[in-house]
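Reader: I've got this model open at the bench and I'd rather understand one part well than skim the whole thing. Could you pick a part and walk me through it slowly?

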Amino acid sequence: MRVIAKRTLRQFWQSSSRCADAQGPIEAWHAEALKASWRNPQEVKAQFRSASILKGGRVVFNIAGNKYRLVVSIDYERQACFVKFIGTHEQYDSIDAETVQHGHSPHSN
């Protein structure tokens with residue numbers, strides 16, 4: 001599975017010192033996603049039991065014990081995973097995971 005784009009994930013953990021602890025868990029998720037070849041939402045759910053499957057190919061992953069949330073759109077046919085949102089659980093609560101289009105939520109230090 002190609003992940004588009006790791007840069008968005010990197011910018012998130014580098015954007016604020018309070019999110020620096022996200023680097024390890026995000027990199028671990030990224031490594032798993034790269035190795036994956038999911039063909040449908042059920043295969044995602046089988047690998048990541050805590051993932052939430054949404055409409056339109058969207059999936060919400062809990063990162064770092066649910067401290068952070070990652071919303072992706074998966075194109076199973078093309079084997080591509082598009083990052084739509086990465087943020088804290090609190091920031092996630094203020095977005096619509098089914099329609100959000102930006103890479104990450106801004107932080108306040």
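Author: Let's look closely at the sheet and what packs around it. This is a predicted model, where local features need pLDDT of at least 70, side-chain atom pairs count only at pLDDT 80 or more, and totals for chains, interfaces and linings use all residues. Residues are numbered from 1 along each chain as its sequence is written, and side-chain values use heavy atoms, leaving out hydrogens and water. As for pLDDT (the predictor's confidence in each residue, from 0 to 100), the protein chain has a mean of 91, and 93% of its residues reach 70 or more.

The sheet is open, with 5 strands in the order β1-β5-β4-β3-β2 and mixed pairing. Strands are DSSP runs of E, at least two residues, and helices are runs of H or I, at least four, each numbered from the N terminus; two strands pair if DSSP finds at least two bridges between them. At the edges sit β1 (2-4) and β2 (52-53), each pairing on one side only.

Now β5 (residues 80-88): β1 runs parallel to it, joined by 3 bridges, one partnership being Val3 with Cys81. With β4, the pairing of β5 is antiparallel, over 8 bridges, and there Val72 stands opposite Val83. The hairpin of β4 and β5 has 4 residues between the strands, and Gln79 takes a positive phi near 60°. Of the 9 residues in β5, 8 are buried, meaning under 20% relative accessible area with a 1.4 Å probe, protein chains only.

What packs here? Helix α1 (residues 6-14) touches β1, β4 (68-75) and β5, a contact being heavy atoms within 4.5 Å.

Next, the largest nonpolar core (buried Ala, Val, Leu, Ile, Met, Phe, Trp, Tyr and Cys joined through side-chain atoms within 4.5 Å). Trp29, Trp38, Phe61, Leu70, Val72 and Ile74 touch the most other members of its 26 residues. The elements giving two or more residues are α1, α2 (23-35), β3 (58-63), β4 and β5, and β4 gives the largest share, 4 residues. Leaving aside neighbours within four places in sequence, Phe61 has contacts that include Trp29, Trp38, Phe48, Leu70 and Val72. Another core, of 6 residues, lies apart from the largest one and includes Val60, Val71, Tyr92 and Val100.

Technical notes: Axes are lines fitted to C-alpha atoms, for helices over the stretch in contact, and angles run from 0 to 180 degrees between N-to-C directions. Buried means under 20% relative accessible area, exposed over 50%, partly exposed in between (1.4 Å probe, protein chains only).
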